[in-house]
Amino acid sequence: MTNKTDEGISELREKLWQARQVVVLTGAGISAESGVPTFRGEGGLWKRYSVMELATPEAFSRDPKLVWEFYNWRRELLAPLSPNPGHYALAEMQRRIPRFTLVTQNIDGLHRKAGSTDVIELHGNIWWVRCTGCGKLMEDLRVPLPEMPECPTCGALLRPNVVWFGEMLDPQVLNAAYEAISNCDLMIVAGTSGTVQPAASMGVQAKRSGATVAEVNLEPTPYTDTYQISISGKSGEILPRLL
Ligand code: BV8
Ligand code: ZN
């Protein structure tokens, strides 16, 4: 007897290979099976650190050393981790589906590591730093970074090139995401609790533009009843079964 998950997977697989344009939006849940702590789950970041306190421009201007300690801790944790079958399945999907856009809230860089290209990283990337003085952007894989890393060009303090709470997302990044979302006929929302805006509303926006939206998550989210398809389970197991 096929359970709800099997039914959901076969329904989604059929839609996926008929779709004209596909968008996938991922959150921390897609990296959980790689060993990356999610924000809200067991052992999640939110429990150990008040992310809302630390991932803000106010915290950085008040105590940049503490904020860098937080990001260096995450960089050290992330450095040895690898993509999981969920990341690889999305990279394979991109190779097989002509009009495919991957949008992620994650800053861990694991989608790129798995071979996905042109990933729309809504909240930036923890492996990139930006100069608070001259704005210079560069990838810096050193683990750990110096306590107060300085710009090689102008000597000013560097910051993680991520979007903090209360900060605007890069308008070009946001437009690229909305462009794909408003034109897709299928959107998969995988591994996100749907709590942080503006990413959380993207599935509803796709549905409003006529797309079928499928959610892949371990647990229900505030949007589960809104989406046409909802598959409960691990993204690392479900996404490869769509190929
Ligand atoms: C903006 C980068 C507006 C940094 C992140 C009050 C005060 C301040 C701000 C606000 C406020 N009220 C609302 C806001 C806006 C705020 C917001 O939405 N806050 C929320 C908390 C209420 N948003 C912002 O500030 C954004 N900017 O709105 O600007 C503006 C307007 C005008 C002028 C100025 C400004 C910027 C938000 C970006 C913040 N940066 N990350 C860093 O990481 O250090 S957010 C960060 O948290 C992530 O990127 C991600 O977006 C979010 C975590 O969510 P998830 O990814 O969903 O992870 P979570 O742990 O929650 O859930 C995991 C899910 O996976 C679960 O559902 C679980 O069941 C599932 N799962 C687990 N394992 C698996 C699985 N699923 C499948 N398989 C598995 N194996
Ligand atoms: Zn500089």
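**View 1. Asp-140 and its salt-bridge partner Arg-142 in the predicted model.** Asp-140 counts as buried, with a relative accessibility of 11%, in a structure that is a predicted model. The side chain of Asp-140 meets that of Arg-142 in a salt bridge, with 2.7 Å from N to O. Arg-142, for its part, counts as partly exposed because its relative accessibility is 41%, so that this view shows a pairing between a buried acidic residue and a partly exposed arginine.

**View 2. The salt bridge between Glu-167 and Arg-159.** Here the side chains of Glu-167 and Arg-159 meet at 2.8 Å, again given from N to O. In this pair the arginine is the buried partner, since Arg-159 has a relative accessibility of 8%, whereas Glu-167 counts as partly exposed at 23%. The salt bridge of this view is one of 7 that the structure holds.

**View 3. Glu-92 and Arg-95 within helix 7.** Both residues lie in helix 7, which spans residues 85-96, and they are 3 residues apart, or about one turn of the helix. Their side chains meet in a salt bridge of 3.0 Å, N to O. Glu-92 is partly exposed, with a relative accessible area of 22%, while Arg-95 is exposed, with a relative accessible area of 55%. Side chains of opposite charge can pair when their charged atoms come close.

**View 4. The zinc ion (ligand 2) and its four cysteine donors.** The protein donors of the zinc ion are the SG atoms of Cys-131, Cys-134, Cys-151 and Cys-154, which lie 2.3 Å from the ion. The site is tetrahedral, with angles of 97 to 119° among its 4 donor atoms; for comparison, the ideal angle for four tetrahedral donors is 109.5 degrees. Along the sequence, the donor residues of this zinc ion follow the spacing C-x2-C-x16-C-x2-C.

**View 5. Cys-131 and Cys-151, two donors of the zinc ion (ligand 2) from distant parts of the chain.** Among the donors of the zinc ion (ligand 2) are Cys-131 and Cys-151, a pair that links distant parts of the chain, the two residues being 20 residues apart. Cys-131 belongs to strand 4 (residues 124-131), whereas Cys-151 is found in the loop between strand 5 (137-139) and strand 6 (158-162). Both Cys-131 and Cys-151 are buried.

Conventions:
Residues are numbered from 1 along each chain as its sequence is written. Chains are lettered from A and ligands numbered from 1 in the order in which they are written. This is a predicted model: local features need pLDDT of at least 70, side-chain atom pairs count only at pLDDT 80 or more; totals for chains, interfaces and linings use all residues. Side-chain values use heavy atoms; hydrogens and water are left out. Donors are N, O and S atoms within 2.8 Å of the metal (3.2 Å for Na, K and Ca); water is not among the atoms, so sites may look incomplete. Four donors count as tetrahedral if all angles lie between 85 and 135 degrees; four count as square planar and six as octahedral if opposite donors are over 155 degrees apart and all others between 65 and 115; anything else is irregular. Helices (H or I, at least four residues) and strands (E, at least two) are DSSP runs, numbered from the N terminus. Buried means under 20% relative accessible area, exposed over 50%, partly exposed in between (1.4 Å probe, protein chains only). A salt bridge is a side-chain nitrogen of Lys or Arg within 4 Å of a carboxyl oxygen of Asp or Glu.
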